[in-house]
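I opened this notebook to keep a short record of what I looked up, one entry at a time.

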Amino acid sequence: MADRYVPHAFSDIDAHPDPARLVGVLHRLRAEPFFTSYKQRVLDLLRAGPGRRFLDVGAGTGDAARRLAAATGAEVTACDLSAVMCGEMRGQGLRRVVVADARHLPFRNGTFDGVFADRVLQHTEDPEGVLAGMLRVVRPGGRIVVCDPDTGTQVLAIDDHELAARVLALRGRAGFRHGTFARRVPGLLAGHGLEEVRVEARTLLVRDPAPADAVTGVRDWAGAFADRGQLRREEARRFDALVDAALREDRFLYAVTYFLTSATLPALNGAAGP
């Protein structure tokens, strides 16, 4: 199963040997209760309404953009660096879809009433540049909402805690370009002069075998790192055996915390926000 795990896969989806597999991953995640819950909170924090315009950066399969438009009557544009993902969104019925680098969004300053990015900044080469690009296209008084997991909060309960820590550290480096960027977002937004900077923490907790595979892919990790010479093969086999034993005996636990950060751009001349 280790051939399913590609380092930084979501950083360059179109270069992946099987991008359709990544599309399938996103479709599976949208059915998981944890993801459904926090993604709805992301949309709520935008304070959307009819006639307002919003931008979904790194929109993936476009599920959030469709949901926001349907629930609020807002006009939602979806952009993604991946042509594959943009094709998927168009195939799912989204009309406002743009292939774009989020650092150089093809929109005028202040075009949107709000912008959001879900599990995007962690995968980018220049997350601060992406954040600045997002802020540029939001009007004064508009909203920004960003959500990412922080890989520094990962925990994994198997019987060899040292081996678990090593594999988690490898995953933090191999799976995400900036896995701890989420903790910096509130301070960066405050530094840009935004108001109402708020942070909410949501912890993904996995204990059962089916979500362990569907959500984390934990059984793929060690084998992939062994293939790349980052673990000895016997260590990878031991890790897999320990994971299987923990799942079988109801002792498995994986957790990681997501940070949802929302803020408002200062209004001009006392103009009202969204």
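My first entry concerns Gly217, which comes just after α8 and has a positive phi, near 65°. I noted at the start that this is a predicted model, so every value here is computed from it.

I then went back into the helix itself, α8, which covers residues 209-216, and found that Ala212, Val215 and Thr216 are buried there. Why do the buried residues of α8 line one face of the helix? Looking down the axis of α8, I see that its buried residues fall within an arc of 95°, and therefore they line one face.

Next I turned to the sheet, which is open, has seven strands in the order β3-β2-β1-β4-β5-β7-β6, and shows mixed pairing. Its edge strands, each pairing on one side only, are β3 (97-99) and β6 (195-206). From one strand to the next, the twist averages 20°.

I also looked up how β6 meets β7 (residues 253-264), and the two pair in the antiparallel sense over 10 bridges. Within β7, Thr257 is the residue that stands opposite Thr203. Helix α3 (residues 63-72) packs on the sheet, where it touches β1 (53-57), β2 (75-80) and β4 (112-118), and its direction makes about 175° with that of β2.

My last entry is on the protein chain as a whole, which holds 10 helices and seven strands. It has 274 residues, of which 52% count as buried, and its accessible surface comes to about 12,100 Å², with 50% of that belonging to carbon and sulfur atoms. Among contacts with a separation of 6 or more, 76% are between residues 24 or more positions apart.

Key:
Residues are numbered from 1 along each chain as its sequence is written. This is a predicted model: local features need pLDDT of at least 70, side-chain atom pairs count only at pLDDT 80 or more; totals for chains, interfaces and linings use all residues. Side-chain values use heavy atoms; hydrogens and water are left out. Helices (H or I, at least four residues) and strands (E, at least two) are DSSP runs, numbered from the N terminus. Buried means under 20% relative accessible area, exposed over 50%, partly exposed in between (1.4 Å probe, protein chains only). Contact means heavy atoms within 4.5 Å. Accessible areas come from the Shrake-Rupley method with a 1.4 Å probe; for residues, only the protein chains shown count as cover. The arc is that of the directions from the helix axis to the C-beta atoms. Two strands pair if DSSP finds at least two bridges between them. Axes are lines fitted to C-alpha atoms, for helices over the stretch in contact, and angles run from 0 to 180 degrees between N-to-C directions.
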